[in-house]
Amino acid sequence: MIEADPKANILGHFTVQGVDHAGALKLDGTATELQVYSEDFFHLKTEEMACVRGVSNEGVSISALHCVPLTLSGNATYHGKHRHYMVLRPNFVALGPRYLEPAERVITSITLGFSDANSLFYDWGTFGSIFEDRKLSFGQRREILRGMKQRPRHRKRGGWLRLYYHWDRGPIVETNCGLGKISVWNATSGKFPSPNGIELRNNVRVTLEFESPVDLDAALRAVYQMVSLFELTAQAQQDIEEINLRHLHAEEREVPLSLHVMNAERRKAEKLHPTDALLNGGLHEEEFARVLTRWMDTTGSRDPARQRFIGGFRRGSNYTIDRLVGAANAFDLLPSEDFTKKVPVEITSLVDQLRKQVQLAAKENETIREHKALFLNNLGRVGDLNLRSKVLQRWSTVPPSIAAKFSGMDEAIAFSVQARNFFVHGSEIKTSKEAAYELAPFTDTLEFVFGVSELCTCGWNADRWAVESYSWSRSKWYISNFSENLRRLKQAVVEFRANAAEGVSGHDC
């Protein structure tokens with residue numbers, strides 16, 4: 001989930017220790033480099049790498065942010081001439097009419113685009129054409145003929161008229177959250193119509209206007225929170241294609257700062273069909289606004305779990321053990337308020353007695369004292385919900401319109417948790433090791449439960465989605481294949497038990 005950085009080489013001067021030096025900035029994604037040259041020895045302190053300022057030959061202000069040194073004090077000699085240089089790798093580069101200090105709260109808004117924005121916010125009716133044999137109004141004819149005064153008379157009459165239109169109806173989605181106002185809008189550009197034809201291009205953009213100015217870290221954190229929802233609803237990784245920042249001190253007509261993110265790889269994803277989204281902002285504007293608001297406003301305590309989940313979910317058909325473990329770990333990171341614990345009074349009373357016994361024994365016995373923390377920690381976990389119970393409780397929040405499609409989900413969840421425990425703890429499993437390494441069904445089950453339950457928490461209309469048609473929706477395909485995958489898991493258990501009865505260990509496969 002990164003910005004698409006254009007490759008470019010920018011020559012300019014950069015300030016090091018208060019002195020301007022010649023340098024060159026190469027924008028090339030994760031291979032981006034800033035080289036600075038000097039005739040004398042020079043050096044950058046760690047705190048100075050937060051922002052290295054420069055200006056291009058064209059006068060563009062360059063802010064190289066959070067730099068990492070590749071060559072901090074290089075030198076070279078050629079025919080007796082001694083030169084010094086340093087090579088830095090910035091994590092971010094801001095280009096524009098002014099500089100950006102990352103720690104200063106000067107960002108009033110941030111605007112971005114992403115891979116499937118046009119499909120996820122499918123704004124039907126914004127562009128179209130009218131092709132009908134009918135009379136135009138006087139005003140329409142006057143407007144069309146205005147540019148044809150010098151045409152021959154026979155070219156001003158008859159023929160067929162096809163009207164192409166662009167209907168600007170304002171933001172596609174607009175909503176307020178705790179951070180400020182979020183607007184999703186069409187950024188349309190093109191050339192003036194001519195005998196060469198008509199050309200219009202449109203890119204859906206998202207703008208977050210902050211309630212009060214924020215620093216770079218807070219602005220990017222808000223972006224990642226929004227994009228995690230876009231990735232969940234689109235069911236695929238979204239690469240951020242452009243980020244623009246509005247500076248607090250910008251003049252009225254000043255162009256925004258262009259922010260380039262360098263610290264991640266792009267990953268090509270399948271194009272989204274509008275009807276495959278779990279929620280399409282262009283087709284269900286009010287619902288998307290509601291979900292987006294609640295998603296942003298509940299991010300605080302839920303963000304660690306959501307980021308752990310989305311880190312694997314965005315990988316699509318690329319399954320790994322780490323992804324399975326991460327999908328399970330997301331449930332452990334959810335707020336404790338999401339779950340209810342029902343511990344019998346007898347158990348609570350017994351744990352209290354045992355805790356007191358350990359504390360007393362630790363005072364009299366050095367060996368017990370050394371293991372006191374371990375004893376108390378284990379006693380503290382008595383009555384805590386295990387992973388399977390947490391997943392089942394989250395599944396219980398999913399509406400019947402979806403839950404009714406899964407006969408045997410409890411078993412699928414149990415299999416998935418067993419597979420996770422096998423890879424984390426080396427626990428025994430009721431199937432062969434070979435079956436455990438078929439990661440997709442286990443991972444998909446945990447990710448489906450987490451993703452759907454989170455959307456429901458934010459006001460998603462599951463009943464609507466459950467009956468909608470689809471083309472290649474990952475979640476709908478999971479539903480379609482669920483029964484067969486569960487049947488295969490059960491069959492693997494039967495075969496494992498049969499082999500065990502005959503003295504063949506499935507763990508030696």
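Leaving aside its neighbours within four places in sequence, which residues is Arg-323 in contact with? In this predicted model, the answer takes in Gly-312, Phe-313, Arg-315, Gly-316, Ser-317, Asn-318, Thr-443, Asp-444, Glu-447 and Arg-474. Arg-323 itself lies in helix 6, a helix that spans residues 321-332. With a relative accessible area of 5%, Arg-323 counts as buried, because the cut-off for that class is under 20%. A polar atom of the Arg-323 side chain also sits 3.1 Å from the backbone oxygen of Gly-312.

It helps to step back to the whole chain before returning to individual sites. The protein chain holds 16 helices and 14 strands. Its radius of gyration is 30 Å, well over the 23 Å that the globule rule gives for 509 residues, so the chain is more spread out than a compact globule. Along the principal axes, the C-alpha atoms fill a box of roughly 100 × 80 × 45 Å. Of the 509 residues, 42% are buried. Among contacts between residues at least 6 apart in sequence, 71% join residues at least 24 apart. The chain exposes about 28,100 Å², and carbon and sulfur atoms supply 50% of that area. As for charge, there are 63 positive and 63 negative charges, and their mean positions are 7 Å apart.

A second buried site is found at Glu-454, in helix 14 (residues 439-457). The relative accessible area of Glu-454 is 0%, so this residue is classed as buried. The side chain of Glu-454 is joined to that of Arg-394 by a polar contact of 3.0 Å. Arg-394 also appears among the contacts of Glu-454 beyond four places in sequence, together with Trp-295, Arg-302, Arg-306 and Leu-334.

Arg-394 leads on to helix 10, which covers residues 387-395. The buried residues of this helix are Leu-387, Lys-390, Val-391, Gln-393, Arg-394 and Trp-395. An α-helix has 3.6 residues a turn, so residues three or four places apart point the same way. In helix 10, the buried residues pack against helix 5 (299-313), helix 6 (321-332), helix 11 (400-403), helix 12 and helix 14. Helix 6 is the home of Arg-323, while helix 14 is that of Glu-454.

Helix 12, another of the packing partners of helix 10, runs over residues 409-425 and includes Gln-418. Once neighbours within four places in sequence are set aside, Gln-418 is in contact with Ile-429 and Lys-430. Between Gln-418 and Phe-442 the separation is 24 residues in sequence, and their C-alpha atoms are 9.2 Å apart in space.

Two further sites deserve a friendly look at their backbone angles. His-66 has a phi near 50 degrees, a positive value in a residue other than glycine. This histidine belongs to strand 5 (residues 61-78), and at 36% relative accessibility His-66 counts as partly exposed. Gln-235 likewise has a positive phi, near 60 degrees, and is not a glycine. Gln-235 is placed in the loop between helix 3 (216-234) and strand 13 (240-247). Unlike the partly exposed His-66, Gln-235 is buried, with a relative accessible area of 5%.

Note on methods:
Residues numbered from 1 in each chain as written. Predicted model: local features only at pLDDT ≥ 70, side-chain atom pairs only at ≥ 80, totals over all residues. Heavy atoms only, no water. Helix = DSSP H or I, 4+ residues; strand = E, 2+ residues; numbered from the N terminus. Rg over C-alpha atoms; globule rule 2.2 N^0.38 Å. Buried < 20%, exposed > 50% of the residue type's maximum accessible area, 1.4 Å probe, protein only. Contact = heavy atoms within 4.5 Å. Areas by Shrake-Rupley, 256 points an atom, 1.4 Å probe, with all protein chains shown as cover. Lys, Arg positive; Asp, Glu negative; His and termini not counted. Charge placed at Lys NZ, Arg CZ, Asp CG, Glu CD. Polar contact = N/O pair within 3.5 Å; in protein donor to acceptor, adjacent residues only side chain to side chain.
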